[in-house]
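Reader: Before I look at any detail, could you show me how to read the features of a fold with care, term by term?

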Amino acid sequence: MEENLEIEYKLLLSREQFDNLTHYYDHMAHVYTQTNKYFTSQALQEKRIALRIREKEKAYEMTVKTKAEGTGRKEYNLALTKEDAQFFLNGGMKENEITSMLKAMDIDLSEIKILCRLKTIRHDIQLEDGMLSLDANYYHGQEDYEMEFELSDLEAGKKTFALLLKKHKLSYQQNCESKLKRALSSFNEK
């Protein structure tokens, strides 16, 4: 299982801003589609834990995100076989490093259900101080556009992000809501 500290800046973009940025970085971008299936239970919600299975370029990964001390979120990723991913997506739960971690956090695995599906067409651009991702997101009959900048170094990354904003005439106040929160909000709007 892989463990990361995720520190990122996120902002929603208009379609025009997204198109301009993807055109600008087209020669540097790795473009692919990923599909996230998010899970929920009362205990996961109360503890503010995100659980998902992602399919990306014919590979599957189970991820848990929890609040980190200080800045960012702790992210735990576990590669899955296609068969194991399908088992979980069909409502099964089996022992692995992530389910063991959830049980240790007093999460009842039998209460976990699939919540929603979100498809993203992602443009990844590796920059010196982090990964710039430009996302077109599709969920519950809606679409939105987002820029994420995941920092590899906090101080250098802050400077690079500020330069990105200035260069592309973008404004940032604070991180936009997560994809999961936006997808959940879309259920309440209909």
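Author: What follows takes up the sheet, the helices packed on it, and two residues with a positive phi. This is a predicted model, in which local features need pLDDT of at least 70 and side-chain atom pairs count only at pLDDT 80 or more, while totals for chains, interfaces and linings use all residues. Residues are numbered from 1 along each chain as its sequence is written, and side-chain values use heavy atoms, with hydrogens and water left out.

Reader: What is the order of the strands in the open sheet?

Author: Strands (E, at least two residues) and helices (H or I, at least four) are DSSP runs numbered from the N terminus, and two strands pair if DSSP finds at least two bridges between them. Here nine strands form an open sheet in the order β1-β6-β5-β4-β3-β7-β8-β9-β2, with antiparallel pairing. Because β1 (2–6) and β2 (8–13) stand at the edges with a single partner strand each, one side of each lacks a neighbour in the sheet. Neighbouring strands are turned by 30° against each other on average, direction ignored, where axes are lines fitted to C-alpha atoms, for helices over the stretch in contact, and angles run from 0 to 180 degrees between N-to-C directions.

Reader: Which strands does helix α5 touch?

Author: Contact means heavy atoms within 4.5 Å. By that criterion, helix α5 (residues 154–167) packs on the sheet and touches β2, β7, β8 (130–139) and β9 (142–151), its direction making about 135° with that of β9. Helix α3 (residues 82–89) lies across β3, β4, β5, β6 and β7, and runs at about 115° to β6 (73–80).

Reader: How many bridges join β9 to β2, and how many join it to β8?

Author: Six bridges join β2 to β9 in the antiparallel sense, with Lys10 opposite Glu148, whereas ten join β8 to β9, also antiparallel, with Gly130 opposite Leu151. Taking buried as under 20% relative accessible area, exposed as over 50% and partly exposed as in between (1.4 Å probe, protein chains only), seven of the ten residues of β9 are buried, so this strand is largely enclosed by the rest of the structure.

Reader: Where are the residues Asp106 and His140 found?

Author: Most residues other than glycine have a negative phi. Asp106, with phi near 65°, is placed in the loop between α4 (97–104) and β7 and is exposed, at a relative accessible area of 65%. His140 has a positive phi of about 45° and lies in the turn of the β8–β9 hairpin, which has two residues between its strands; His140 is partly exposed, at 31%.
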